[in-house]
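Open the model in your viewer and keep the selection tool at hand. The tour goes stop by stop.

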Amino acid sequence: MGTWDSGPFDNDTAADWCSDLDDADVSKRPNLVREALTRAAGEAGYLDADVACEAIAAAAIVAAQQPSGQPITSPYAPDFLHDGGRLDLPDDLAALAVRAIDRILAADSEWRELWEDADAEGTSEAIDAVRDLRKVLAA
């Protein structure tokens, strides 16, 4: 996984997924967000980091649409969301995003293990950022 920072869009997998979302027909975008969240939330076995990265990007998009959500400013996020752009998302995606994040933060998640292994001090900006997304989504 090529990762350059701790934000939800700051890795190759998330950036590629965002590019696909950007290129998708407007009517298909909500379903692509749902699919990314569902793959992570529904994984019963060991959660692959790439699945987690896509779901985190999707969760960040859903969180940005919430009343207490922050606008998306990352240059790696879908272009249509920059400068306050919105995506018409079904209301149930916030709860699905919470379930996906809970799964990503579970012990049997490659994404979580990679971030914990990368941080010798035991604190991770990436894990904290995902927990912050969860707070917005659960509000």
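Start by selecting residues 12-23, helix α1. Asp16 sits in this helix. The model you are looking at is predicted. Now show side chains for Asp12, Asp16, Asp20 and Asp23. Together these four form a negative patch on the surface.

**Next stop: the largest pocket**

Select Pro8, Ala60, Gln70, Pro71 and Leu133. Among the 17 residues that line the largest pocket, these five lie nearest its centre. The volume of this pocket is about 310 Å³. Which helices each supply at least two residues of its lining? Colour α3 (49-64) and α6 (125-138) to see them. Then keep α6 highlighted: the largest share of the pocket lining, 4 residues, comes from this helix.

**Next stop: the cavity**

How many cavities of 30 Å³ or more does a search of the whole structure find? The count is 1. Its volume is about 100 Å³. Select Ser6, Gly7, Pro8, Asn11 and Trp111. These lie nearest the centre of the largest cavity, which has 14 lining residues. Now add the elements that give two or more residues to this lining: α3, α5 (110-118) and α6. Which of them gives the most? Helix α6 does, with 3 residues.

Pro8 deserves a second click. This residue is among those nearest the centre of the largest pocket, and Pro8 is also among those nearest the centre of the largest cavity. Helices α3 and α6 recur as well: each supplies at least two residues to the pocket lining, and both are on the list for the cavity.

**Last stop: a salt bridge**

Stay on α6 and select Arg134, then add Asp102. Their side chains meet in a salt bridge, at 2.5 Å from N to O. Arg134 belongs to helix α6 and Asp102 to helix α4 (residues 93-104), so the pair ties together parts that are 32 residues apart in sequence. How many salt bridges does the structure hold? The total is 7, and the Arg134 and Asp102 pair is one of the salt bridges.

How values were computed: Residues numbered from 1 in each chain as written. Predicted model: local features only at pLDDT ≥ 70, side-chain atom pairs only at ≥ 80, totals over all residues. Heavy atoms only, no water. Patch = residues over 30% accessible without salt bridge, like charges linked within 9 Å, V, L, I, M, F, W, Y side chains within 5 Å. Areas by Shrake-Rupley, 256 points an atom, 1.4 Å probe, with all protein chains shown as cover. Lys, Arg positive; Asp, Glu negative; His and termini not counted. Charge placed at Lys NZ, Arg CZ, Asp CG, Glu CD. 1 Å grid on protein atoms, 1.4 Å probe; cavity = no way out; pocket = protein on both sides within 12 Å on 5 of 7 lines; lining within 4 Å. Points joined across faces, edges and corners; volume = space filled by probe spheres on them.
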